[in-house]
Number of protein chains: 2
Amino acid sequence: MPRSAAAAKAATLHDVAREAGVSLITASRALSNPRLVSETTIERVREAVRQTGYIPNLLAGGLKSRRSMTVAGLVPIISVPQFLPTVQALTEALDAEGYQLILGQSGYDHAREERLVDTIIGRRPDGIVVTGLLQSARTREQLQRLRIPVVETWDLSERPVDMMVGFSHLKVGSAVAGYFLGKGWKRLGIATGDDHRAAQRRAGFLAAAGSDVPTVTVPAPSNVALGRRALSELLQKDPQVRAIYCSSDALAHGVLVEAAARGLRVPEDLAVCGFGGADFAAHLHPTLTTVQIDGAEIGRLAAKLILDRCAGRTIEQPVIDVGFRIVERESTGAAG
Amino acid sequence: MPRSAAAAKAATLHDVAREAGVSLITASRALSNPRLVSETTIERVREAVRQTGYIPNLLAGGLKSRRSMTVAGLVPIISVPQFLPTVQALTEALDAEGYQLILGQSGYDHAREERLVDTIIGRRPDGIVVTGLLQSARTREQLQRLRIPVVETWDLSERPVDMMVGFSHLKVGSAVAGYFLGKGWKRLGIATGDDHRAAQRRAGFLAAAGSDVPTVTVPAPSNVALGRRALSELLQKDPQVRAIYCSSDALAHGVLVEAAARGLRVPEDLAVCGFGGADFAAHLHPTLTTVQIDGAEIGRLAAKLILDRCAGRTIEQPVIDVGFRIVERESTGAAG
DNA sequence: CTGTTAGCGCATTCAC
DNA sequence: GTGAATGCGCTAACAG
C-alpha cells in the first residue's frame, strides 16, 4: 500500500516517557509545565527527548487543548509588496509567542474568499487577520458564531466583524485633494486601481474636489507599466491636467516615467502624488510625494489584539485608527 | 474558568451523522470519498452539513490519516519582494490541490532556522519548501530521517537534502563578468548583499574577472538607499570604476540614482547591471540591465515536486535548473 | 453499500 | 510530585 512518501514514524511522547522511565503525563508536564515536576525528572525527560529526537506533534496537542497555535493571514494578492511590512511584523510578533502564520490569498472575489475561509476554519486557527474587510456576509456570520478572533486591517468601517486596525481611505482621498487644492491646482486627475479601498480613496478625493475629476482605472495589481498607460489616457481625457493622485506608488512611478518621456516637467507642468510610502519613492527623480502608511505597526497591533484575545485579556480598544501622513517631496513642489 | 474567547463549540461530524440519520463513518465517506456511498445518502448528508453549518476539522482528520494538507514555506525575510512571485505561484499551485501554505521567516542565522524548522515539523507539514539551502546539518538529517519531502529553491548544490529547483549563482556571477569583459570594460566593481547566494554570485564574478575587483558589501535586505551609499564607497575604492554588478535590482536602482546625482552618465561613464528582473527595472532612467529569474516558475515546479511526492508518483527529475537570462538594457549600452 | 471497532498523539480531568 | 483513565474529531481497517 504505497501511502505516498509521507512522514516516517516519528518519536512520540510515549517513546520519550518509556525512555525516561516515567509515565506519559509526567513527560508531558516536564515539557509544557515544568513547574509541576521535580528537577531530576525534568532532566531525565529532557535527556530522553535528545535521545529520541522527539518533536511534539502540535496537531495532536491542539486537538485536545483546542488551541492550534496558528493564526491565519489573508491577503488579496501575495505578490503586491504593499502588505509585506504588515505580514512581516505579524509573523514576527506571533512567532515571539509561539504562533505560526498560515497564509491565504483571498483574491478580489467573494466566492473565492468564502471557499478560502472555509478551509482556513477547517484548520481551527486561533485567530484570523484579514487585509481589507471581509466581504462575504456568510463568512462574517460564520466567524462570529464560532467566536474566532478576527482583525480586519488596512481599513476602517462602521461594522467590524470583530476587531480592526486601519485608517480611513475616504479621509486619505479628501486629504490629498485638499492638499492639491491648497497648492492652488485646479485641474486634478486620478489614476487608480480597481479594488475596494482604492475606490474609497477616490470617493473621498471626489467629495473634496468636486466630481468632475477625470479618472483612469487600471486592474489590480498595479505596476509601473500601468502607470505609464494611465498618464497617457488621462492626458487624452484632459490635456490640461495639472495634478494627479495615484492609488499606489508603483502607479505614480509609471506616471513620472511617462511624464519624463513626454517632456513634461514635474512638478512645474504636472504634480504627482502616490500612495503607500514605498521605500523607492524617496529616490525617484523627482522624489515622489506619497501617503505614508505604517504597515508594520498595523501588523504589530493586529498580532497584539489576537494574542490578547487568546490569552483572555480584555481588549481596551478593539478598533484602532493608525492614521496616515502625506510625505511632501519634489513631485509636488517640495524643495529638493 | 475563562479559557480565553476561543472557538465556540462547532458542529462535528457526529452532529452531521445524527442529523442525517447515518453512522459517523458513512457521513465521513459521503464527504471525502463519495464513490463509496449511495446517491441518496450523499444528498442526506449534504443537507445535514448545510443544516448544521459543519466545517471539517482538518487537524483531527490529519492526526489519523497522517496528512495535514499543509506545506511549509521558509523565506529568509518576508519583506524582500524578490521571492514574492515564488511564494505566490506556490500558494496557488498548492491551493488548487487543497493544500495550504504555512509561512515561516528563517532569518539569515542557523540557530533561528533550527528552531523554526522544529516548530514547523511539529505541525507535521506534508512538505517543506525553502528559499535557499538548508543551513543546519541537524535540520538536514532530521528532515531526511522523517522522510518529509523537501524542496530547496533559488539555488543548486551538490548535496540537496531531497529535491531542488533553482539555478547556479556561480554561473550568474561569471556570466555577468563575462558580459562586462565582452563589452571591453576592464575596471569592474561589485555592490553586493551579505547573504550566501549573493556571495556565490560574487565568487563566480571574481573567478571570471580576476580577483582584483573592488567590492562593497551591504547588509541584507538591500534597498535603494544602500545602493546609493554603495556607489559612493566604490568610487572611493576605485575612482575609475567602469562597470558595476549589483546583487539586487534595488541596489542597482540606488547606484543609478547616485550616479545621476554625481553627474556620471550611464552607460557612457558607468555601466550597471542588477539582479532579479524586477518589474521596475524596465522603467528606470536609464532602463536597467538585469539578470532575469523566473521566480513564479520556481514556485510552480516546487509545488509540483511536493504534490507528486505526496501522491506517491515517482519523480523523474528531483533537481531542476531553471537557469537565468541577462536582459540587456540601456544601463549597459543597449539602444533605448 | 454501510457499520463497528480501534486508534492517531496528546492534554485534561480526576485520583493517589 | 506523579499516575491512570478518558476523549478531542476524525479516518483506517476490518467486518457485515
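A polar contact is a pair of N or O atoms within 3.5 Å. In this predicted model, such a pair joins Ala60(B) to DNA strand D: a backbone N or O atom of Ala60(B) lies 3.2 Å from a base nitrogen of the strand.

Further polar contacts with DNA strand D come from chain A, and the table sets them beside that of Ala60(B).

| Residue | Part of the residue | Partner in DNA strand D | Distance |
|---|---|---|---|
| Ser23(A) | polar backbone atom | phosphate oxygen | 3.1 Å |
| Arg29(A) | polar side-chain atom | base nitrogen | 2.7 Å |
| Ala60(B) | backbone N or O atom | base nitrogen | 3.2 Å |

The strand is surrounded by 27 residues, and the closest are Thr26(A), Arg66(A), Leu13(B), Ser28(B) and Tyr54(B). By type, the residues of this surface comprise 13 nonpolar, nine polar and five charged. At least two residues each are supplied by α2 (24–32) and α4 (58–65) of chain A and by α2 (24–32) and α4 (58–65) of chain B. The greatest contribution, five residues, is that of α4(B). Of the strand's atoms within 4 Å of the protein, 65% belong to sugar or phosphate, and the rest to bases.

The two protein chains are related by a rotation of 180° with 0.0 Å of shift along its axis, which superposes chain A on chain B with an RMSD of 0.1 Å. This is the relation of a two-fold axis. The same surface serves both copies, since 97% of the contact residues of chain A recur in chain B. Within chain A, the residue that comes closest to the rotation axis is Ile102(A), at 2.3 Å (C-alpha).

Key. Residues numbered from 1 in each chain as written. Chains lettered and ligands numbered in written order. Predicted model: local features only at pLDDT ≥ 70, side-chain atom pairs only at ≥ 80, totals over all residues. Heavy atoms only, no water. Least-squares fit on C-alpha atoms with pLDDT ≥ 70 in both. Contact = heavy atoms within 4.5 Å. Near = heavy atom within 4 Å. Polar contact = N/O pair within 3.5 Å; in protein donor to acceptor, adjacent residues only side chain to side chain. Helix = DSSP H or I, 4+ residues; strand = E, 2+ residues; numbered from the N terminus. Nonpolar A, V, L, I, M, F, W, Y, C, P; charged D, E, K, R; others polar.
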